[in-house]
Every structure is written in C-alpha cells, then in structure tokens.
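This report looks at how domains and chains meet in one model. Please keep the sequence and the structure in view while reading.

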Protein chains: 2
Amino acid sequence: MTNLEVLTEYVSAFTHSLVEQGVKDVVISPGSRSTPLAYACMKQEGLTTYRQIDERSAAYFALGLTKASGKPVMLLCTSGTAAANYFPAIVEAYYARMPLFVVTADRPHELREVGAPQAIDQVHLFGGHVKWSTDLPMPETENQLAFLTRHLHRALQNALTNPKGPVHVNVPFREPLRIDFEQHYESNREISHFGGELTLSDDSSLFLQQLFKKEKGLLIVGEQTQKLPDEFWTFVEKLDWPVLADPLSNLRGNVPQSAKKFIIDSYDALLKSTQFKENVTPDVVIRVGPQPVSKPLSLFLAAIQPETYVVFDESPMLRDPQSVATHHIQATEHGLWQVPLESKPPNAYRKKWTQASRLYWQVVAKHCQNELDEGVLAKVLFDRLDQCDLIVGSSMPIRDVDTYFQATERDIMLYANRGANGIDGVVSTAFGVQAAKQRPAYLYIGDLSFLHDMNGLIASKMQETDLTIVIMNNDGGGIFSYLPQSQEERYFEELFGTPTGLTFSNAAKMYDAQYLVAETVEQFASALDEPKTASVKIVEVFTDRKNNVTTHRKLWSCFDEELAKQ
Amino acid sequence: MTNLEVLTEYVSAFTHSLVEQGVKDVVISPGSRSTPLAYACMKQEGLTTYRQIDERSAAYFALGLTKASGKPVMLLCTSGTAAANYFPAIVEAYYARMPLFVVTADRPHELREVGAPQAIDQVHLFGGHVKWSTDLPMPETENQLAFLTRHLHRALQNALTNPKGPVHVNVPFREPLRIDFEQHYESNREISHFGGELTLSDDSSLFLQQLFKKEKGLLIVGEQTQKLPDEFWTFVEKLDWPVLADPLSNLRGNVPQSAKKFIIDSYDALLKSTQFKENVTPDVVIRVGPQPVSKPLSLFLAAIQPETYVVFDESPMLRDPQSVATHHIQATEHGLWQVPLESKPPNAYRKKWTQASRLYWQVVAKHCQNELDEGVLAKVLFDRLDQCDLIVGSSMPIRDVDTYFQATERDIMLYANRGANGIDGVVSTAFGVQAAKQRPAYLYIGDLSFLHDMNGLIASKMQETDLTIVIMNNDGGGIFSYLPQSQEERYFEELFGTPTGLTFSNAAKMYDAQYLVAETVEQFASALDEPKTASVKIVEVFTDRKNNVTTHRKLWSCFDEELAKQ
C-alpha cells in the first residue's frame, strides 16, 4: 500500500468505527493539520458535521449537543493553541460527566518540542480533567487498524462508562495532509460492545425499603439531562414524599397533573424562611443527581444533619460538598424507582410542604403584579414556554428559575452548565442543545455571560437554528449584589459590578438576528410574542442590579409574612 | 491576631512582595473567590490594575503587556473554568518564553473534588505548559509570611530565569472573603535577588572569532521583543555579513541609515527564487532568537545543510525544527555583539544579498502600482507608520510583513504571537502592547483572527487606549489558499475557507469605535489618513482570497524574471 492508501484507510477506519459505536455528531474547527481526519468526517455516512471557528465555542457547542442528545459527540481541531481553547468546556464536561470525544490533530514526533510552528505538547494536554487520554501512532504503517478500532473503542467506552466524561485522543499527521476520496473502506474485525450496569445490591434495596416506611422523608432530585422514565411518576405517587426538584432535574416541565402535589418547586424560597424550616426537619433524605443549585437547601441539610442522608452516586467521588451524607449508594438511580413500596396512609409531612408551596406561588402571583425585577420578567418568559428547551445562565438566571419557575405539564426541558458553574460558553451550549433537539430553544442569560461567549453566535452563520435569546442586561455582574462583597463599597464596581456599558443591538445586527428591546413587563411580553423573523431572535431587557436584590428580598419576606398568618 | 487580620496581612504581603520584585501590572477578571487578593491589588501602591471580563482575553492582554514592557505581569481570576480560560495564552507564553505570573483563587481543600460549585482541580491545572506551579497554604495561620514571600520569590524568579515563561500560583481562600482596608502592612525580612547571566564561555568566544573570518556567513535574527542594544549595530557593520531580519526581529524599524545595507528584509522572497538560492550557499550560519517565520528560509537551510550552523538558545530545548544545527551555544546572545572582530575587506557575498534585495524592492514598488491584494494594501499601511507599534496576526499578516515590510529608520516595533502561532487572542495582545507602550498602536489582522478574539475589544471599555485595527476581510481562512489543500475543491470552503459572511461595522458600533471601510488602495490610504476620533479606529478592507494568492505569486515570479535579466 502507498502512504496515501494507508492514511486514507486509517482515517476512514477512525470515523467508521466511531459511527459504528454510536457517535452521530462531530464539531470541526478549521485548521490544516487535521485535514485527513476532517475529510474523513465529511465523507463518513451517518455523521453530522458542525463547524465553529472559535474552538472554545466549538467545545461548548459539542457539550450542548451531547447533553441534549445523550450521545457522545466528537470534537476535531488542529494542533497548537486551538486545542487549548477546548479546555474550559472539557473541564465543565468532566464535572458535568458528559462524554465529549476530543480529537486533536498533532504534528509528528520530530516536530514536537523542537521550536516548530503550531506545535505544543499535546500529550495529556488536559491533565486530570479528562477520564483518559491517548497519543495514537502515526497513520503510516499497515495492519494497525485492528489496534486502532479497539483503541478508539477503549477511549469511547471510557467516556461512556458511568460516571461519564470527556476523553482525549491525540492524532499525529505528517505531510502531505490529504486522502484519496475514491478509496473504498471495508471494515473488518470491529469490536461489538455489551455494557454492564451498576444496579442496586439486594442489601441496598432492603435498606431503602425500610427507609421508605418513614413519614418524614425527602427525595431530592438534582440535574437530569435525560427525562426520568414513566415509572418514576408511579414511584413518586406511592412514596408520597416531597420531591425537591432542582431547576435542572427536569421535573418542573412535563409534570403529570396528578403528580404536581409531590413536586416541590419552591423549596429554595421556602427554606429561606426560618419558621418554615423549623417545622419540616426530615428523618430521611435521599438524593439522586448532583447537589442542587439552592444554597438554602445546602445550609438546611448542613444545619439539621439528617439522621439518614442517602446519596446516589455512580462515582466513588461522592458529591457531598457539606459532608453530610451518611450513606453512599454507588449505583445507577434507576434501580430506585423499582424498589417495592408498600401502600401508606396519606403523608401529613408531605402535605405541609405542598401547602407551603401553594402559598408561595400565591405570594409570587401577587408580587409579580406589583413589582418589577429580573425574576418577575423571567416568570413572564417561563409562563409562555411550551414544546421547547430552555437553557439558562449559571449565575443569576439559574437562581431565578429556582425562584420563579413553577412545575408545569407543558413540555419544557431545562439545561445549564453547572458542572463547574462557569459563565463561559453558555451561548454555544444553547446552540448545541437546539441542534440536538431540533425544536425551538430559549436562552435566558445575563449580559456578562452573553458577552463572554458572543462568539457562540457564529453557529447561526454556519447552520440552521431556532433560538430566542433573552438577555437580562444589568450592565455587569448581577450576582455580586447578593453576596457579602456588596456591603463593601470600595472597588465594588471595579472588581465585581464591572459595568461595560455595552448593549447588544449591534451584535444582533452583526449576526442578522432579530432584535427587540424591553424595559417593562408589557414591553417584554410583547417582545416575546412578536413573531420570530430570523433564526436567532434577541430580546434585550434593561434592568437594575440593586433593584433586583431589593425586589427578590421583598418576595421572600412577603412569603414569610403570609406564612406567619397561617 | 484575628482571622481577618491574618488574611489581610497575607494578601498585603503577597502584592507588596511582587511589587518589590518588579511586578508593575496586574490584569484582574471579576469573581468572588479572588476577592481578598483583588482588594489587595487595588490597594497596592505601585501596581497598575487592568480589568477584563473574558479570562481568555485577559491572559492574552497580559501577554501583550509583558511582551512590550519586558516585565512580568500578574493575572488574577476566580476559581473554576475561569482559570481554564487562561490556558491558550499560557501555552503561547510558554513557547514565546514570556513571564506571566498566573494567580488563580481556589476553594479550600474541603471543597475540592466533593461536588462543590465552581470547584475544579486547579493544582497543576496548566500541566507542562508552565515552568512551575504551586498550591499555597490557606491564609489562616500567623507566621507564614517569611515562607510566603520567599515562595512568591521562587515562583517569580522561575518565571524570569532564562528561558523565561509562565508560572502558576494557586491560592485557596475560605469565606468570609474580605480584608480590613485600614490595616497597615509593614514588610519584614523580604528577600533581595541578584540574578546571574548565561555568558559566552571562552571556548565559544574563540570559536565564534574563527567563524567571523569567513566571507560567506549569514546572521539570522529571530524574534526580539526588546530592541537590540546599540553595540549590535557596531558589530553588524564590522561583521559585514548579511543579516536576515525576521519580521519580529525588530530590525526592520529603527534601522540606522548606515546599517540598512546589512539588513536583508526580503530574504523570504529572495529564497523563493531558485536562481538566487544557487548563488548564495553560505559556509557559516549563526542564528539568534527562535526560528524565523519564513518557510523558504527553513527549506533553504534544510536543503543546503550548512557546514556550520550555530544556534544561540539559552534553553537546553534547542529550537531547531529541521534538525540542521551543528552547534548549540547555550548562552544569552548579548555576548555575541562583544566578540572581538578583526577588520575585513569588503564582502562580495554580502553585496550579492544587498543587491538582490534592492532589486526586489524595485520590483515591489512597480508591482504595487499595478496590482491590488492584501500585501499591496499592507504596504500602504507599513509605509505610513512611525513612532508606533504594529501588532500582526499570526497567519497571513505576519507573512505579508515578511514580503512587504522594508527596513526603515522610522520608529516602529513589531509584535506577534508566534510562540504557538495561534490565531487566537491577537486583539487582546494588541491592547496589552498599547497599554505597556503608551503610544499609538496598529493591529493588522485577518477577519477570522479578529472574530476569534472580538472580546479583546472589551479592553477599550475598561481603560484608555489608542489602537487602529486594520482588518483584511477575505471572509475566511486566507492562508489555506496558499496550502496544498486548496488544490482539492471538495469540502474546501466547509473545512478551510469557512466563510462566515460577517463584516465588522456593527462590532465597531457596539464598542463605539470609529469605523471606515475600503475596497481600493486609494480608499484604504484615505481611511488610514482620516484623523482618529475614537480610542479605537477600525479600518475594514474587503479582499479576495484567490486574488491574494495570484497576486502574491505574480510578485515573486516578476522578481525572478528581473533577476534573470541582471
């Protein structure tokens, strides 16, 4: 075989093998060194290719794709700092446990660390923030396809083994960087895979059955990027415990009417109330998914130190930041819904939560008629959504979901980057989610986070999309006004507020996006109702950081007053 | 001492000690965890603070600052993916050997790897791309200041020891995140530093003296971010060898009239000519600085395999990508200008280069009257510059400097990010250079590179600046049209051209920048001559990728024809 034939066969086997194993999407950034593999991706049947010029945005886009599709997604870039730009999204994917399959093209060994251009040390480039990393052999020798396909299998199954996460494959190429487009590839001796599952042990099942008999139990559900199965709802109804549903649990959309009373969507606000907290100390707490967003919930658990606090986590790296857990069940949570449940009398403890929650939403309804802040505006958005996905920023937006997003039967799925909670890459993740779901998506985001990943908008020039972006522009870092730093006036604006004075009408023009602006609830509502005339619609709302804090706090104290009257 | 007192003293000692050791600038990105150190930076006398919301841009801005100032620059960010965003610029700084002092705030040990928000594994986060990395102790114990100041000394002197490079200091902070602004800090037992220098050994000096006697010698000067000293020019005049001056050697600006004949500023073009190459085989080549940009030069050296090819490199990691060097002098190049030189008869070999170079510039002058492409436009820009700095993109712009930037007495310094040659972060580096130099700066950049770091423009909203940005908008990746990939039409636009259709008038509006557009030489010249009315002036020129290649190649073949006539 000629060099060209060997190289062509190698990259064909590469992409073919990934597709065989379930990779459907690849996000490619332009570059020279990656040429043979980029060609193979374009040629490969069954692979959808996306392009992004900014590799940082590309990786966050891939993260959105994999989050929403539940499938591993391949990234491909050229050698040099291009690869380093993937790092933030890789870190996020590692903590969010998302299977990114990161492929970096590299220079051959004789051009590494010798002062050659665009050559950096890419071996283990992402350190401990990938689950596994390998440096592949040069595609220049015959008879290495069996190894190659099995090694890609190792990499991919590493990414897909629970807890999932990113892996990194570094591939050196020597010039000339081309393939023979006419060469036919016939796969041979590929490997098939049967995965195992971390099921509940008999011991843990019996243990859980005992716990379920308790009246004062709480089920906490953290982030779930895939909908929980139907048997979850049967289980919840039988269990009759309050289910504290994190904004990302995806238990606030698609909620069956009959199950609404179990879903406590207001616990973040409820647990701010001292009088409420005092009356709801649980005996048992069970958590699935990562630690919820809510700080009041974390403080509550740390304060009461529940006698039994069971955390489901498939990883030995138990997620328990307050060190409160008493039991770690290292198994998939799906076994939980199948634990046999005895029928029980109606649960007064659960009712206490449901009633407080109902009261909270009455207070919210009243509050929203009189007050105006980002949360109230957010509710206007939330109340309109159906048959769509909502991606929210990691800072104040996710907290406003906690405060203002009421459980609904409407079909809404929620996503955010809460693995490491960065404000970076959120725009790209939203485009990625939309690309995976192929239905309208909404991004609810602050001005700094939007600005940080404005390059995410490049996606709209590269592919079809349907995204509405709601920017809460409070000219700076809104969350800091809620933190103790805000009590110190010195340097507050320089270090925390960091106002840029930027607005985004011109950004919208640059990207041919529809643009609407709002300063009142009415303007905002009509901006949302305005028919969509472009693939990206931007609604920018100007708000005030200080006012947001006052108004949020007013809601919480109103609830406290109403509760006292009961 | 109270915890507050201990923390205040710790961060005060931190910033005081860095300033004592020569740090003058810090670039801060907003965040909560870094609060105590951010306050200390704001308070610290002798420290200039810059702010950037996008950490990727912040790090590239710091890179520009350190490049142009020759001083180490501190970076400060909060915990989480914020730190990961520094990675591309850190990689660039590592290969460009620039002393970035990277400080990342971290969560305390009990919040690491336990599922806490915004906590990632920051220990050795940047792997092998920093020279050294340390995780500092919690600022909660008295009597650790002597250790702290010495450890910061170790970190900083690591960054400043040749070859210079980035270092990383990770600092954990526990809540509450505040300091006592009134607390006075008195430094005590700080450490003073006397650095050594890697001087020429007597052996190497004698060896060089012998080499200097040869007639057919070439001196190649790669990137120099600081001007070479005056004795360099005396040396060059006595040596009477052709000096091949890389665009980044900073030997094309501030050239004494009498020395112009020695500076060969056209070798990239000359060495494309087979007939020229055949007549100029050298016996000795000496290189200082990294490998030049020019590919023809690299190919020439690899082809002729000079009998003696001496490379100066302070690092054991000899930069010699073609493996052609015969001697490695591991010492600072400043000793070279002091090697005694005997007076010699006029050098016919040097004259051959000077004459060819003169002929080349005559051909360029004629070519520029008839033809229009990015290079010709670039020359219009270059010919106008004086008392300013020019920052150029790493892809085609730097190559157009090689082709079109003629050595001049005018005061121009040139900068580019050629450590790893990424197209990322260039806008920010330009703002950083301008901030360090405090005089007008020009950025000459392609559309993709500009787009990649559009967030660099945020700097213009945070501080005074004076930057003119010339964007060559050929709607995509121009350099690929020069590469073999362009001969394959399939997928060329999707993978390499990657046109976005974006133009930048609205980006200019968004950032209140002056904006001018040009499509002809005349329009371009008058856009440049238009008085500057804002701190950032953007001149966007629309060019054609295919035409650029044709026109560049025409220039080179014209030169070949003229040379044949001689």
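The sections below cover the domains, the contact between two of them, and the pairing of the chains.

## Model and domains

The model is predicted. Chain A splits into domain 1 (3–172), domain 2 (202–351) and domain 3 (371–565). The centres of domain 1 of chain A and domain 2 of chain A, taken over C-alpha atoms, lie 38 Å apart.

## Domain 1 against domain 2

In this contact, domain 1 of chain A contributes 9 residues and domain 2 of chain A contributes 8 residues. Together these two domains bury about 610 Å². Carbon and sulfur atoms give 39% of that area. On the domain 1 side, A:Lys67, A:Arg97 and A:Asn162 supply 64% of the area buried against domain 2, more than any other three residues.

There are 2 salt bridges across this interface. The side chains of A:Lys67 and A:Glu223 form a salt bridge, at 3.9 Å from N to O. Polar contact links 3 residue pairs across the interface, both residues being at pLDDT 80 or more. Helix α3 (residues 55–69) of chain A gives the most to the domain 1 side, with 3 residues. That side comprises 4 nonpolar, 3 polar and 2 charged residues.

## Symmetry of the chains

Two copies of a chain are related by a rotation about an axis and a shift along it. Here, a turn of 180° with a shift of 0.0 Å along the axis lays chain A on chain B, with an RMSD of 0.0 Å. This is the relation of a two-fold axis. In chain A, A:Asn506 has the C-alpha nearest the axis, 2.5 Å from it.

## Chain A against chain B

Contact joins 79 residues of chain A to 79 residues of chain B. Of the interface residues of chain A, 100% are also interface residues in chain B, so the copies meet through the same surface.

The buried area between chain A and chain B is about 6,700 Å², and carbon and sulfur atoms give 64% of it. A:Thr81, A:Leu495 and A:Met510 lose the most area in chain A, together 9% of what that side buries.

The chain interface has 4 salt bridges. One of them pairs A:Glu182 with B:Arg490, whose closest N and O atoms are 2.9 Å apart. A further count gives 28 residue pairs in polar contact, both residues at pLDDT 80 or more. Elements giving two or more residues to the chain A side include α2 (35–43), α5 (87–96), α18 (492–497) and α19 (505–510) of chain A. The residues of that side divide into 41 nonpolar, 18 polar and 20 charged.

Key
Residues numbered from 1 in each chain as written. Chains lettered and ligands numbered in written order. Predicted model: local features only at pLDDT ≥ 70, side-chain atom pairs only at ≥ 80, totals over all residues. Heavy atoms only, no water. Domains from an automatic or database assignment. Contact = heavy atoms within 4.5 Å. Buried area = accessible area lost by both parts, 1.4 Å probe. Polar contact = N/O pair within 3.5 Å; in protein donor to acceptor, adjacent residues only side chain to side chain. Helix = DSSP H or I, 4+ residues; strand = E, 2+ residues; numbered from the N terminus. Nonpolar A, V, L, I, M, F, W, Y, C, P; charged D, E, K, R; others polar. Least-squares fit on C-alpha atoms with pLDDT ≥ 70 in both.
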